[in-house]
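Colleague: Could you take me through one part of this model in some detail? I'd like to start from the surface and work outwards.

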Amino acid sequence: MRKSILWKDAFQTITHSLGRYIAIILLIGLGTFVFVGLKMAGPDMRATGADLFC
C-alpha cells in the first residue's frame, strides 16, 4: 500500500464521518482544558484550604 493511498483513505474516512471526528477532537480539547485548569488552580486551592482550616 502506497503512502498516497493511505492518506486518501484516511481523508475519505474523516469526511464521511465528520461529526464523529469533530466530537472526538472536542472531547480531547475539553479534557486538555480541564487538566490545565486543575494544574493551574491547584496551588491556589491548597493555599485557600490551608488559610481556612488552619
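Which residues make the nonpolar surface patch of about 670 Å²?

Modeller: Happily! This is a predicted model, in which local features need pLDDT of at least 70 and side-chain atom pairs 80 or more, while totals for chains, interfaces and linings use all residues. Residues are numbered from 1 along each chain as its sequence is written, and side-chain values use heavy atoms, leaving out hydrogens and water.

Your patch is made by Leu-18, Tyr-21, Ile-22, Ile-24, Ile-25, Leu-26 and Ile-28 (over 30% relative accessible area, no salt bridge, nonpolar side chains joined within 5 Å; a salt bridge puts a Lys or Arg nitrogen within 4 Å of an Asp or Glu carboxyl oxygen; areas are Shrake-Rupley, 1.4 Å probe). Leu-18 is partly exposed at 45% relative accessible area (buried is under 20%, exposed over 50%, partly exposed in between).

Leu-18 sits in α2, a helix covering residues 18-53 (a DSSP run of H or I, at least four residues; strands are E, at least two). There is little cover along α2, where the count of buried residues among 36 is one. Further along, α2 has a kink of about 40° at Ala-41, shortly before Pro-43 (the angle between axes fitted to the seven residues ending there and the seven starting there).

Across the protein chain, there are two helices and zero strands. Its C-alpha atoms fill a box of roughly 65 × 20 × 10 Å along the principal axes. Buried residues come to 2% of the 54. The chain exposes about 5,200 Å², with carbon and sulfur atoms supplying 73%.

Methods. Patches are made of residues with over 30% relative accessible area and no salt bridge: like charges are joined within 9 Å, nonpolar side chains (Val, Leu, Ile, Met, Phe, Trp, Tyr) within 5 Å. A salt bridge is a side-chain nitrogen of Lys or Arg within 4 Å of a carboxyl oxygen of Asp or Glu. Buried means under 20% relative accessible area, exposed over 50%, partly exposed in between (1.4 Å probe, protein chains only).
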